[in-house]
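Colleague: I would like to learn how to read a ligand site and some helix packing. Where should we begin?

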Amino acid sequence: MTTPLDRMADFDLSEEQRQIRASVREFAEKEILPYVEQYEQEEKYPLELIAKLPPLGLMGPMIPEEYGGSFSDVVSYGIICEELARVDWVVASVVSVSNSLCAGSISRFGTDEQKQRWLPGIANGEVICSACLTEPGGGTDLGNMRTTATKVDGGYRLNGTKVFISHAAHASLFFVVASIDLEKKHKGVTAFLVDPRATEGIRIGDFPMRTLKRDNLAEVSFVDAFVPEECVLGEPGRGFPVLGSALDTGRFSVAARCVGQAQRCLDLALPYALDREAFGRSIGEFQLIQQKISDMTCRVQTARNVVYQLGRMKDAGVERCSMESSMAKLLSSQAAVQNALDGMQIFGGYSCTAEYEIGRLLLEAKSLEFGEGTSELHTKIIAETMLGARKG
Ligand SMILES: Cc1cc2nc3c(=O)[nH]c(=O)nc-3n(C[C@H](O)[C@H](O)[C@H](O)COP(=O)(O)OP(=O)(O)OC[C@H]3O[C@@H](n4cnc5c(N)ncnc54)[C@H](O)[C@@H]3O)c2cc1C
């Protein structure tokens, strides 16, 4: 059934983009959604679900066709992230990390050898990627990282610890940032493409979480881990622009994922509000519940508009859209969190039971508010750009 919101969401999309949305939604609802809760309960990484993505081109939506990818345009990539996130945080995350942070950076800054080595494997699902950015001392202030890359004959030795690393135990490509000179702060930051399976001195340990146990988040330690020279992505000491560009696209895909999560909360709340009765009427007849439904609807569509607008800017060739990325990330992550809260209120006490998905979505949405820049960071970026203290 097409709802008024579907009609609004599809307005202004090309026929091809509409088809992408319809086919990814059908696939996600049939092939992913029915299994997610079981993976969460078993605390099992959903490798089998991820394996269903490559035949449909869903592992390489930002990878050019010449490298085996299915890139058509950035808005379509956003639609894919949105629709996958509507059913599962982890499956959407693997696509988003692999494409925005890793493949996107390799496409923009990689050598021909690096492109040939990594991009086809990411697109065909053989290579799962992890981004090793956050450190125990902090994730927001990335210029202050403590992981070092010491120059030695033929390469670098990495030393340091990264935390909260999604997909790490299953990844065969780590996008790592480390400093070649701590005193130079962000001017020492260097980006590396590391094969964790072929590198001695990398330890992948547990990083226990209260939620998203199916993602098996990890602590990754580098102890004198040698990486050859050709693993540097871009130039030594020029990792901050690589990181900035990666996060710019990363924020777009995380924002799209937030739209998917916010939509899911609404999709769950609507039938419940119609079915659940109190005082002899369906709760959807009470104005206070209707207020929440209206707020949830406006929130998700507003966030979607801002995210698609950002995608269109990128499709038009605007290389850096930092302020717009921050706006999209800020608005959509707040929409996902607030829709989860309103959705839970509609479900009442049942939102806290294992029977219903809505309670799980709250912590998952909240985690999206932290990843790739917290709300405070994005608020700061927007304000500083508007005040002329920072370039957009
Ligand atoms: C589920 C999940 C998955 C993740 N996956 C990954 C991953 O795969 N790879 C990876 O590298 N990281 C990952 N992260 C980490 C995430 O990117 C960090 O949590 C995030 O960057 C924030 O860093 P932090 O938690 O250290 O908070 P901190 O940087 O310590 O910040 C703490 C608080 O202080 C605020 N703050 C900081 N600076 C300022 C300021 N200047 N002004 C105002 N307020 C400020 C922050 O907004 C926040 O509210 C993941 C996190 C989660 C929850």
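Modeller: Begin with a definition. A polar contact is a pair of N or O atoms within 3.5 Å. Keep in mind that this is a predicted model.

Colleague: Which side chain has an N or O atom 2.7 Å from a nitrogen atom of the ligand?

Modeller: That of T134. The distance of 2.7 Å falls within the 3.5 Å cut-off, so the pair counts as a polar contact.

Colleague: Where do backbone atoms approach an oxygen atom of the ligand?

Modeller: At two residues, L133 and S166. A polar backbone atom of L133 is 3.0 Å from an oxygen atom of the ligand. For S166, a backbone N or O atom lies 3.0 Å from a ligand oxygen.

Colleague: How much of the ligand's accessible area does the protein cover?

Modeller: On its own, the ligand has 990 Å² of accessible area, and the protein covers 67% of that.

Colleague: Which elements give two or more residues to the shell around the ligand?

Modeller: Strand β3 (155–165) and helices α10 (358–370) and α11 (375–386).

Colleague: Which residues come nearest to the ligand?

Modeller: There are 20 residues around the ligand, and T134, T140, F164, T374 and E376 come nearest. By class, the shell has nine nonpolar, eight polar and three charged residues.

Colleague: Now the helices. What describes two packed helices?

Modeller: The angle between their axes and the distance between the axes. Take helix α8 (residues 287–315) and helix α9 (residues 322–347). Their axes come within 9 Å and cross at roughly 160 degrees. Angles over 145 degrees count as roughly antiparallel. So α8 and α9 are roughly antiparallel to each other. The crossing is left-handed.

Colleague: What classes of residue make up the contact of α8 with α9?

Modeller: The contact has 14 nonpolar, six polar and five charged residues.

Colleague: How do α9 and α11 pack?

Modeller: Their axes are 9 Å apart, at an angle of about 140 degrees. That makes α9 oblique to α11. The crossing of this pair is left-handed. Recall that α11 also gives residues to the ligand shell.

Colleague: And α10, another element of that shell? What angle does α10 make with α7?

Modeller: Roughly 160 degrees, with the axes of α10 and helix α7 (residues 239–275) coming within 11 Å. Therefore α7 is roughly antiparallel to α10. Here too, the crossing of α7 and α10 is left-handed.

Definitions and conventions. Residues are numbered from 1 along each chain as its sequence is written. This is a predicted model: local features need pLDDT of at least 70, side-chain atom pairs count only at pLDDT 80 or more; totals for chains, interfaces and linings use all residues. Side-chain values use heavy atoms; hydrogens and water are left out. Axes are lines fitted to C-alpha atoms, for helices over the stretch in contact, and angles run from 0 to 180 degrees between N-to-C directions. Helices (H or I, at least four residues) and strands (E, at least two) are DSSP runs, numbered from the N terminus. Angles under 35 degrees count as roughly parallel, over 145 as roughly antiparallel, 65 to 115 as roughly perpendicular and the rest as oblique. A crossing is left-handed if the near helix is turned anticlockwise from the far one by less than a right angle, and right-handed if clockwise. Ala, Val, Leu, Ile, Met, Phe, Trp, Tyr, Cys and Pro count as nonpolar, Asp, Glu, Lys and Arg as charged, and the others, Gly among them, as polar. A residue is near a molecule or strand if one of its heavy atoms lies within 4 Å of it. A polar contact is a pair of N or O atoms within 3.5 Å; within protein, one must be able to donate a hydrogen and the other to accept it, and residues adjacent in sequence count only if both atoms are side-chain atoms. Accessible areas come from the Shrake-Rupley method with a 1.4 Å probe; for residues, only the protein chains shown count as cover.
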